[in-house]
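Please open the structure in your viewer and keep the sequence beside it, so that each selection can be followed in both places. The tour goes from one stop to the next, with something to select at each.

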Amino acid sequence: MKTLRSHFRTATLALGIAGVLASQATPAAAADCYAIGQQVAEQNGGTLAKASQSTRGGQEVCVIVVLVPGKDGQRPRRSEIVVPAN
């Protein structure tokens with residue numbers, strides 16, 4: 001019969017492994033979205049404000065937020081662009 005300590009040890013190990021696996025997948029995807037965001041910002045003549053990965057309609061996408069300079073001293077315009085994550 002397993003003791004409470006043994007159950008706790010097994011649960012802790014399982015959570016640790018799950019955390020490691022999740023942390024390995026996320027940085028690469030975030031880095032890809034950041035690189036895509038820089039390209040999108042450059043194409044739109046703006047500055048990259050945010051790049052994040054999301055799932056929409058069952059497809060992995062990058063949500064890019066670009067700040068485009070305003071005309072005649074106006075404040076920058078916020079533009080959100082969704083592109084497929086490759």
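Begin by colouring the protein chain by pLDDT, the predictor's confidence in each residue: this is a predicted model, with a mean pLDDT of 80 for the chain and 69% of its residues reaching 70 or more.

Next, select residues 13-25, where pLDDT stays under 50 and where the model has 0 contacts beyond four places in sequence.

Now turn to the cysteines. How many disulfides does a search of the whole structure find? The search finds 1 disulfide, and you can display it by selecting Cys 33 and Cys 62, which are joined with an S to S distance of 2.0 Å. This pair links distant parts of the chain, since Cys 33 belongs to helix α1 (residues 4-43) while Cys 62 belongs to strand β2, 29 residues apart. Are these two cysteines, Cys 33 and Cys 62, buried or exposed? Both Cys 33 and Cys 62 are buried, and if you look along their link you will find -75° about the S-S bond, which makes it left-handed.

For the last stop, follow the chain from β2 (59-68) into the loop that leads to β3 (77-84), and select Asp 72, which lies in that loop. Asp 72 counts as exposed because its relative accessibility is 80%, and the cut-off for exposed is over 50%. Look also at the backbone here: the phi of Asp 72 is near 50°, a positive value in a residue other than glycine. Most residues other than glycine have a negative phi.

How values were computed:
Residues are numbered from 1 along each chain as its sequence is written. This is a predicted model: local features need pLDDT of at least 70, side-chain atom pairs count only at pLDDT 80 or more; totals for chains, interfaces and linings use all residues. Side-chain values use heavy atoms; hydrogens and water are left out. Helices (H or I, at least four residues) and strands (E, at least two) are DSSP runs, numbered from the N terminus. Buried means under 20% relative accessible area, exposed over 50%, partly exposed in between (1.4 Å probe, protein chains only). A disulfide is a pair of cysteine sulfur atoms within 2.5 Å. pLDDT is the predictor's confidence in each residue, from 0 to 100. Contact means heavy atoms within 4.5 Å.
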